[in-house]
Amino acid sequence: MAGNSGPLSARAKLAVTAGKAAAAVSRAAGRGSGSVIGGKVALKLDPDLLARLATHLDVVLVSATNGKTTTTRLIAEALRASGPVVSNALGANMPAGITSALAGGSDARFGVIEVDEKYLAMVARDVSPKAIALLNLSRDQLDRAAETRMLAEKWREGLAGSKAVIIANADDPLIVWAASSSPNVVWVAAGQEWKDDAWSCPSCGGVMQRPGDDWFCGECGFRRPTPSWALSGDYVLDPHGSAWPIHLQLPGRANKANATSSAAVAATFGVPPQVALERMYQVQAVAGRYDVVTFMNRELRLLLAKNPAGWLETFSLIDGPPAPVLLSVNARGADGTDTSWLWDVDYTRLAGHPIFVIGDRKLDLAVRLEVAGLDFRVCESVDEAVQSAPPGRIEVIANYTAFQDLRRRVGN
Amino acid sequence: MSQNSLRVVWVYPDLLSTYGDQGNVLVLERRAHQRRLDVQRLDVRSDQQIPTSGDIYLIGGGEDRPQRLAAERLRRDGGLNRAVANGAIVFSVCAGYQILGHEFINDLGQREQGLGLLDVVSTRGEGERCVGDVLGDIDPQLGLPPLTGFENHQGVTHLGPSARPFARVRFGNGNGTGDGTEGAFNETVFGTYMHGPVMARNPHIADLLLKLALDVNALPPVDDRWYDALRNERIAAATQPA
């Protein structure tokens, strides 16, 4: 069915056109890319538009707490080896944004779609994906989001009858719980540093045992499945036992894990791991993340970390001391308005780094760092922090809206 | 204090450490160290026994199913009740607070028995979830400055005659009963709905627990500059809701 694009109905065409017009108005008014408003208008005119747009595509859905935007990019890059791809590359990951992205790719063969965790089951029902990649689940924005295990439960119910191949992380018990109701799962040992949302068995509530990289519930026998793909150091191990080197411009263990899952997805579409991994090298920065910019004659590397699991992975990829570190935290709607999660992040990992603190909630961070026994300096602006920082590339770690603020200021 | 070092027990982090409340343990430890007190921190998972020889027990908030599992295991264990009978101090937050009462509504919608360490009963609120910054005045008997915190709960907690409200709210919901009460306490057992974490926002609560455990009236002062700055900001924010 790929590439075999039957014509859209008159109604769907009208909806796409109206959506594009709304997006153009939104852009002209200086209100962002317009992809969400465009999608909203189009979906209102034709509620089945998302499903209709997807019938012409081989669709992959990507969902997770962390890494979904990057992984979507990596998969899109890999699948381009086989044909044109349409993707919501900028992270507009709810139905309106997805609709808008798909409407822009009428000649594509593949649709590579990042989906917000809450909408995964719904979007999976609408677009009949060929594959779904599930990377990890952990606590995030608990003042407005569903409980983490409840989310896994909803995925499990929603995916139970799915015909898609589920590419799932065997190292995250919540992901395994969500995926194991599906008949067709490819398990990937992608690792996960953060473990604190899966100490109790998602199946029976028993206390999880975690010797080494393994995990199992001593009470009901729910356990880590045997993976067919694995991340091993700097290599992807494929189901035949061949090791393929990972060359990425993106830093860190988490991105190697994302590359491993992406290679497994690519293989389900017939793209061999060697080809897929070579193509992934193209990916430099994703929506500004990992970008190195020059600001006030200093090099800054911009890193996004939105929740405890994300901060943990980020700490493991930054340059060692004495590299200066600039932290910025906001608590606006899109960030979650409760900053208590800062206390689930182990900031003692930053010992030895000169630390500079900015953002709407710099005082919460200041108390957090004081209690961690670290030296730090609170600054009023990124300019002041950069001026105060000792030599060396500055590692800038920020949560969602703080990251947007930074990008605007440093001209990225 | 039962021995040379202060024993702080962090109860069931595998179930009840989802909302940053382990910050209370970190603040308590830090402020004890700053007073040159030796602290022994014990993290007790829900498949381990609760030691009865602790001086201060801290319990945090968790999601609905872990809350039920924690109540079942704490009831079966019995250690926390024995520790309180020995005079131990307990400070609990949100789901942990509800567990210390007589009963609460569990994730299955059923009444779940608590530990009966606080004379409170929790039900499930019919209205909107209580989420946001809170400002209140702590019971004058405890001699503490205003309470600031962040609440995030559906539960409503009703106080019986032998529990005193920990605070009265000026902004926010607290116990959710509409009478302005927030949290509850008796001689040595405390409960609150406040995250933030509450001791990062109110370090004097950590000091109060230390003083109770050491049986002293005062502690050497420490540098509260950042805590004070954060408190001022959050108190101002609570009075001007977005």
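**Exercise 1. How many residues does helix α7 of chain A have, and what distance does it reach from its first C-alpha to its last?** Then work out where its buried residues sit and what they pack against.

*Solution.* One caveat up front: we're working with a predicted model.

Step 1. Helix α7(A) runs over residues 148-159, which makes 12 residues. From first C-alpha to last it reaches 17 Å, close to the 16 Å expected at 1.5 Å a residue.

Step 2. Now pick out the buried positions. A residue needs 20 or more other C-beta atoms within 10 Å of its own to count as buried. In α7(A), that label goes to Thr148(A), Arg149(A), Leu151(A), Ala152(A), Trp155(A) and Leu159(A).

Step 3. Look down the helix axis: the buried residues of α7(A) fall within an arc of 155°, so they line one face of the helix.

Step 4. Find the packing partners. In chain A these are α6 (120-127), β5 (165-169) and α8 (173-179), and chain B adds α2 (64-77).

**Exercise 2. Describe how chain A is divided and what the two parts share.**

*Solution.* Step 1. Chain A splits into domain 1, residues 48-280, and domain 2, residues 292-410. Their C-alpha centres are 28 Å apart.

Step 2. Check the contacts: 17 residues of domain 1 of chain A touch 14 residues of domain 2 of chain A. On the domain 1 side, sorting by class gives seven charged, six polar and four nonpolar residues.

**Exercise 3. Is chain B as compact as a globular protein of its length? Make the case from its radius of gyration.**

*Solution.* Step 1. Start with the inventory: chain B holds seven helices and 14 strands.

Step 2. The radius of gyration of chain B is 17 Å, while the globule rule gives 18 Å for 242 residues; the two are close, so chain B is as compact as a globular protein of that length.

Step 3. Add some detail. The C-alpha trace of chain B spans about 45 × 45 × 30 Å along its principal axes, and 54% of its 242 residues are buried. Take the contacts in chain B between residues at least 6 apart in sequence: 71% of them join residues at least 24 apart.

**Exercise 4. Characterise the contact between chains A and B from the chain A side.**

*Solution.* Step 1. Count heads: chain A puts in 21 residues and chain B 30 residues.

Step 2. Helix α12 (residues 362-371) of chain A supplies the largest share of the chain A side, six residues.

Step 3. By class, the chain A side has 10 nonpolar, eight charged and three polar residues.

**Exercise 5. Track down some unusual backbone angles and place each one.**

*Solution.* Step 1. Recall the background: most residues other than glycine have a negative phi, and most peptide bonds are trans.

Step 2. Go for the cis bonds. Pro321(A) and Pro322(A) are joined by one, with omega about 10°; Pro322(A) is in the loop between α11 (308-315) and β14 (325-328) of chain A. Another joins Gly196(B) and Pro197(B), with omega about -10°. Pro197(B) sits in the loop between β14 (189-192) and α5 (198-201) of chain B.

Step 3. Next, positive phi. Ala287(A), not a glycine, has a phi of about 45° and lies in the loop between α10 (273-280) and β12 (292-295) of chain A. Asn297(A) has a phi near 60°, and its loop links β12 and β13 (298-304) of chain A.

Step 4. Finish with the surroundings. Ala287(A) has 16 other C-beta atoms within 10 Å, so it is partly exposed. Asn297(A) has 6 within that distance and is exposed.

Note on methods: Residues numbered from 1 in each chain as written. Chains lettered and ligands numbered in written order. Predicted model: local features only at pLDDT ≥ 70, side-chain atom pairs only at ≥ 80, totals over all residues. Domains from an automatic or database assignment. Contact = placed C-beta atoms within 7 Å. Nonpolar A, V, L, I, M, F, W, Y, C, P; charged D, E, K, R; others polar. Helix = DSSP H or I, 4+ residues; strand = E, 2+ residues; numbered from the N terminus. Expected span 1.5 Å × (residues − 1). Buried ≥ 20, exposed ≤ 12 C-beta atoms within 10 Å, placed from the backbone. Arc of directions from axis to C-beta. Rg over C-alpha atoms; globule rule 2.2 N^0.38 Å.
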